Each structure stands twice: as structure tokens, then as C-alpha cells.
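User: I would like to go through the terms used for this model and ask, for each one, what value stands behind it.

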Amino acid sequence: MSVLESFGSALLTGNVKVIDLTHTLDPEFPVLVLPPEFGQCEPFRIEEVSKYDERGPAWYWRNFSCNEHTGTHFDAPVHWVTGKDVPNGSVDTIRPDHFIRPACVMDFSKEAAADEDFILTAEHIKVWEAEHGAIPADHWVLFRTDWSKRSGLEYANVREDGAHTPGPDTSAVRYLVEERNVHGLGVETIGTDAGKGGAFDPPYPAHNILHGAGKYGLQCLRNLDQLPAKGAVIVSTPLKIKDGSGSPLRVLALVDG
Ligand code: 23J
Ligand code: MN
């Protein structure tokens with residue numbers, strides 16, 4: 001049997017399972033709040049056009065609008081100024097095979113529960129690698145914090161002094177890109193950067209370094225607690241928005257059943 005014949009039958013028998021890593025797009029889902037001097041992210045909005053009524057007797061449909069970075073979403077290299085000249089760096093031009101890639105999942109949920117400003121460093125990643133083996137090239141790294149189990153104000157977790165959410169420091173992102181040549185970084189929080197990442201050097205190191213190197217981001221993921229440390233394959237196909245900096249999308253993980 002060919003690889004894809006085996007894969008097709010494994011999907012049908014349940015030997016491969018599909019896990020949905022996506023939050024439901026809902027007007028109530030929190031969005032990133034930047035300092036007030038900057039433009040702001042719009043939440044998801046929805047408006048009914050007709051529902052089997054005088055506006056359309058046999059059909060139901062709606063208009064929706066949102067920011068490219070609303071809800072569970074994909075970050076393309078052109079999202080950041082460092083990635084503005086990356087070839088094929090917008091969602092409409094990214095190589096389609098880049099939308100299907102294997103993943104390593106790093107569980108730092110205990111650390112994030114103990115410290116809402118938990119900062120992932122290169123040293124933490126090396127400790128994970130000592131247990132699980134080196135991160136192979138061109139793999140997603142998914143940072144499990146169980147942040148997706150929060151809701152409402154606790155999710156964005158913004159206080160007067162800014163957002164308090166976990167994320168990587170510059171050493172961690174440099175290690176992932178320069179030593180491991182990862183495909184990208186996926187997180188459960190609103191940003192691939194920590195809530196305090198704007199004050200790091202460089203500011204927002206995950207966005208700055210990943211996108212400058214042509215790498216990708218996935219934000220607002222969920223169900224990472226259902227994934228193995230190694231062996232999952234991620235399917236993440238953003239909308240084909242012309243010159244898009246990112247896009248809400250359905251993110252699926254394929255795992256051994
Ligand atoms: C714009 C500016 C800063 C950040 C972000 C967007 C995101 O987190 C995003 O959704 O890409 S930190
Ligand atoms: Mn984003």
C-alpha cells in the first residue's frame with residue numbers, strides 16, 4: 001500500500017485521530033489589546049443577511065468581519081516589519097506544504113499555573129530536549145500552558161500595568177530559530193509573545209525573530225493537552241487573503257489513535 005492509502009485507511013479505522021486545536025469564532029472571544037496609541041484589533045462581528053425569510057426564503061447566510069489576528073489564527077512573516085521582504089511571506093503566497101508540518105509539544109502548564117508571567121528561556125527548551133530528544137528541523141513548536149482553559153477577562157489577563165501572559169524570551173526564540181530551524185511557534189495565549197514582550201530586547205522577540213527568519217506563528221490554540229510531545233502533524237491552512245498578514249483558521253492535529 002502507498003503511504004497515502006495507508007493513511008486514508010488509518011483515518012477511517014481510527015488509527016489516526018483528528019484533534020481540533022481551534023476556538024469557536026464568537027464576538028465574545030477576547031482579542032489582543034495594544035497600548036492606546038496604537039491601532040486596535042477588531043473582534044469577530046456577525047450580521048444576519050437572511051434566514052429562510054423575506055430577505056431570502058430558502059437560504060440562511062451572514063456577513064462577518066474581523067481582524068486578520070482575531071481568534072485562533074495564523075501569523076505570516078509579513079505581519080512583522082522584520083519579515084516584510086521574506087519571499088512568499090503573506091498568507092496567499094506561502095508554500096502550501098508549509099501548512100502541513102509535524103510538531104513538538106512542550107508542556108509548561110505547571111509553570112504557567114504557578115506564574116502568569118512565566119518566561120520560556122533557551123534553558124527550559126534544553127531541559128525539554130534532554131527528556132524528549134532534540135527538536136527536529138522544520139517542526140512546529142507548540143507551547144502548552146493550559147491558558148486556553150481560561151475564559152473572559154482572565155484570558156487576556158490585562159491589568160493597569162499591561163497583559164500578564166506567558167511567552168518566550170529572546171534566548172528561547174533565538175535557540176528555536178538559529179539552533180533548531182523550527183517551522184514556527186504555536187501558543188495558547190493571544191500572542192506568540194509574552195504579555196510583557198513589548199519591553200523585551202528586541203521588543204516582541206517572538207514576532208521579531210520568527211517572522212524575520214520566515215517562520216510562522218499560531219495563536220489562541222486549544223487542546224494541546226491532548227497531543228503527544230512528539231508525533232503529531234499539524235494542518236493549518238489560513239484563508240487565502242491577498243497580501244494577508246495572518247488569518248483566522250481551523251487548526252487540526254493528526255495523532256496516532
Ligand atoms: C500586533 C502587535 C503586537 C502583537 C500582535 C499583533 C500579536 O500578538 C498578533 O496577533 O500577532 S503581540
Ligand atoms: Mn497574530
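Analyst: The turns below take a few residues and the ligand, and set each value against its definition.

The model is predicted, so that local features need pLDDT of at least 70 and side-chain atom pairs count only at pLDDT 80 or more, while totals for chains, interfaces and linings use all residues. Residues are numbered from 1 along each chain as its sequence is written, chains are lettered from A and ligands numbered from 1 in the order in which they are written, and side-chain values use heavy atoms, with hydrogens and water left out.

User: Why is Arg101 called buried?

Analyst: Buried means under 20% relative accessible area, exposed over 50%, and partly exposed in between (1.4 Å probe, protein chains only). Arg101 has 17% relative accessibility, and therefore counts as buried. Arg101 belongs to strand S5, residues 100–107, a strand being a DSSP run of E of at least two residues, numbered from the N terminus.

User: What makes a polar contact between Arg101 and Asp97?

Analyst: A polar contact is a pair of N or O atoms within 3.5 Å; within protein, one must be able to donate a hydrogen and the other to accept it, and residues adjacent in sequence count only if both atoms are side-chain atoms. Here a polar atom of the Arg101 side chain lies 2.8 Å from the backbone oxygen of Asp97.

User: Why is Asp53 called buried, and which side chain does the side chain of Asp53 contact?

Analyst: Asp53, in strand S2 (residues 45–53), has 18% relative accessibility and therefore counts as buried. The side chain of Asp53 makes a polar contact of 2.8 Å with the side chain of Arg55.

User: Why is Thr237 called partly exposed?

Analyst: The relative accessible area of Thr237 is 42%, and therefore the residue is partly exposed. Thr237 is found in the loop between strand S13 (230–236) and strand S14 (246–248). Not counting residues up to four places away in sequence, Thr237 touches Phe99, Leu249 and Arg250, where contact means heavy atoms within 4.5 Å.

User: How do you know that ligand 1 has polar partners, and how much of ligand 1 does the protein bury?

Analyst: An oxygen atom of ligand 1 is 3.3 Å from a side-chain N or O atom of His69, an oxygen atom of ligand 1 is 3.0 Å from such an atom of Asp75, and a polar side-chain atom of Gln219 lies 2.9 Å from an oxygen atom of ligand 1. Taken alone, ligand 1 exposes 320 Å², of which the protein buries 87%, with accessible areas from the Shrake-Rupley method and a 1.4 Å probe.

Definitions and conventions: Helix = DSSP H or I, 4+ residues; strand = E, 2+ residues; numbered from the N terminus.
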